[in-house]
Each structure stands twice: as structure tokens, then as C-alpha cells.
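This briefing concerns the structure shown below. The points that follow are grouped by topic.

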Amino acid sequence: MKRDAHIHTPYCPHGTKDSIENYIKKAMKLGFQDITFTEHAPLPTNFIDPTPEKDSGMDPHKLIAYLDELNTLKEQYKEDIHIRIGFEVDYIIGYETETTSFLNIVGPQIDDAILSVHFLKYNDEYTCIDYSSEVFLEFAQKLGSVQAVYDLYYETLKQSISANLGQYKPKRIGHPTLIHKFQLAHGEQIDDDDQIKQVLQLMADNQYELDVNSAGLAKKYCKEPYPPLPYVRYAKSLNIPLVFGSDAHQVADLHQFYDEIFPLKD
Ligand code: ZN
Ligand code: FE
């Protein structure tokens with residue numbers, strides 16, 4: 001069965017305005033039988049988005065429209081494709097209460113969700129670590145090294161897995177090596193083998209699914225999936241459910257590099 005469970009929509013303020021219906025039609029054409037729309041959930045209202053355009057999350061005023069539109073399309077296409085309604089929810093250290101409240105409200109109305117780390121907290125300030133290579137390098141300078149950024153990332157990721165976010169906490173962990181996104185920009189060889197394995201072990205122990213995210217392959221400073229294939233195999237050996245995610249922000253990105261990942265070669 002072909003499934004893509006990490007897809008953005010026109011409700012993403014930093015994505016394209018490609019219509020949800022066009023994503024559905026293209027997904028069907030590509031042979032997907034099961035798809036999840038995972039728009040970036042609105043960020044907590046008391047959290048200040050550190051990105052220049054403050055466009056990391058969906059506009060909270062469009063939440064109802066998003067759910068309504070997906071419910072209509074889900075019903076309309078139910079004979080042809082299984083559409084799941086979801087969110088990509090940010091794990092932000094210090095905003096667990098707000099995130100839990102959000103999940104308690106939307107949880108009963110959705111089918112699937114991803115928990116991702118995009119923001120790292122340092123000295124009471126937050127940085128969006130996948131925003132740009134400039135922001136990443138500046139942050140590494142602030143922390144003293146690229147290694148320190150990786151350490152902080154994996155620490156935050158582990159907290160996201162252990163955090164109590166209530167009964168509607170997402171069951172899947174998003175792109176757990178996102179910190180590799182600018183690896184070819186800083187050019188340093190960071191040995192994070194142990195850290196990735198620890199994260200995957202923690203996911204297995206707590207029964208999380210893995211977002212096998214192909215978007216990194218398309219990023220010029222990354223050129224590998226999140227996580228890289230040896231870790232996808234490692235996750236499989238731990239019996240972690242593997243769930244493909246194109247992380248498409250435009251219709252053209254659906255399916256990106258699917259065939260380079262599945263079927264998984266040993
Ligand atoms: Zn996005
Ligand atoms: Fe993400």
C-alpha cells in the first residue's frame with residue numbers, strides 16, 4: 001500500500017497556493033491509496049515566531065476552514081482514496097501547556113498527526129533551525145559550535161518524545177534528523193550516530209511511528225532523507241512503523257524520491 005502522510009496545503013503561509021483538490025488528484029495519479037494532510041498547526045498565541053515573516057504556522061483564524069474543506073474532500077473522494085486529516089504540531093520547549101490545550105481541542109476532529117521540532121530554545125530565545133543556512137550558522141556561532149547545535153537539537157527531540165502532551169499527542173515523530181538540513185553548508189562531519197540511535201530507541205520504547213521524510217533529498221545543503229536510509233533500516237529493526245512523508249509544500253513535490261526509499265533495501 002502506498003501512503004504519503006506528510007503533506008502541506010494552501011493553508012501553509014510559507015508554501016504554495018496549490019489547491020488541496022489538486023494534491024488529491026495528483027496523489028491518486030501517483031498510486032497513493034492513503035494520504036494525510038499535515039498542515040503546520042497554529043503556533044501558541046503567546047509564542048513569538050522567530051522567523052522574519054512569522055509564517056511558520058497556520059493562521060489560527062483559518063483553522064475551521066481547513067478542517068471543513070478537508071472533511072468535504074474526504075467525503076467526496078472516499079471511494080477513491082483514504083484521506084486523513086491532520087496537523088504537523090511543533091514541540092516547543094516551555095509551551096507544553098499551550099500545545100496540550102490545542103491538541104485537546106483538535107484531537108477529536110483529526111485522524112493523524114506529526115510532532116516535529118523546528119524551534120530550539122537557547123538563553124530564553126528561540127531559533128527556527130531549518131529556516132536558512134545563515135540562521136543556522138549564526139546560531140552555531142552563538143552556541144560555540146555546530147556540535148552544540150546538534151546536541152541541543154537531539155536533546156529537544158528526546159524531550160518531545162518524552163513530553164506529556166495529553167491523550168491526543170501525535171503518534172509520529174517528524175523528520176528526526178532535520179538538523180542535517182544545512183550539513184553541506186557548514187561542512188563539518190558531526191558524529192551523531194549514537195544520538196540518532198538513542199532517539200529511535202526512545203521512539204520504539206514509547207511506540208512512536210517514524211516520519212520517513214524525503215524532503216531532505218531535495219535540499220541542496222542536505223541531499224539525504226530525514227533520517228538517512230541506514231537509520232530507516234535501524235528503525236525497522238526496532239519494529240518502529242515507517243511512514244513515508246514527502247513533506248510536499250506544492251503538488252509537484254508529492255512522491256518526491258519515494259522510489260529511492262521504498263521498497264527498503266537491506
Ligand atoms: Zn512547512
Ligand atoms: Fe516539519
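In this predicted model, His40 is classed as buried because its relative accessibility is 6%, under the 20% limit for that class. The NE2 atom of His40 also takes part in coordinating the zinc ion (ligand 1). The metal site is treated next, followed by strand S4 and helix H4.

**Metal site**

- The zinc ion (ligand 1) is held by three NE2 donors, from His14, His40 and His249, at 1.9 to 2.1 Å.
- Along the sequence, these donor residues follow the spacing H-x25-H-x208-H.
- Distant parts of the chain are linked by the pair His40 and His249, which lie 209 residues apart.
- His40 belongs to strand S2 (residues 34-40), whereas His249 sits in the loop between strand S9 (242-245) and helix H10 (258-261).
- The iron ion (ligand 2) lies 5.7 Å from the zinc ion (ligand 1).

**Strand S4 and its neighbours**

- Strand S4 (residues 112-116) is largely enclosed by the rest of the structure, because five of its five residues are buried.
- Both faces of S4 are covered, with buried Asp112, Ile114 and Ser116 on one side and buried Ala113 and Leu115 on the other.
- Strand S3 (residues 82-90) runs parallel to S4 and is joined to it by five bridges; Phe87 has Ala113 in S4 as its bridge partner.
- The connection from S3 to S4 passes through helix H3 (residues 96-106), forming a right-handed β-α-β crossover.
- Strand S7 (residues 172-173) is also parallel to S4, with two bridges between them; here Ile114 is partnered by Arg172 of S7.

**Helix H4**

- Helix H4 (residues 133-143) has Ser133, Phe136, Phe139, Ala140 and Leu143 as its buried residues.
- These buried residues lie on the same side of H4, because they span an arc of only 125° around the axis.
- Glu134, Glu138 and Gln141 are exposed, on the face of H4 that is turned away from its buried side.
- The packing partners of the buried residues of H4 are strand S5 (119-122), strand S6 (125-128), helix H5 (146-162) and helix H6 (183-186).
- After H4 comes Gly144, which has a positive phi near 105°.

Definitions and conventions. Residues numbered from 1 in each chain as written. Chains lettered and ligands numbered in written order. Predicted model: local features only at pLDDT ≥ 70, side-chain atom pairs only at ≥ 80, totals over all residues. Heavy atoms only, no water. Donors = N, O, S within 2.8 Å, 3.2 Å for Na, K, Ca; no water. Helix = DSSP H or I, 4+ residues; strand = E, 2+ residues; numbered from the N terminus. Buried < 20%, exposed > 50% of the residue type's maximum accessible area, 1.4 Å probe, protein only. Pairing = 2+ DSSP bridges. Right-handed = clockwise from strand over helix to strand, strands pointing away. Arc of directions from axis to C-beta. Contact = heavy atoms within 4.5 Å.
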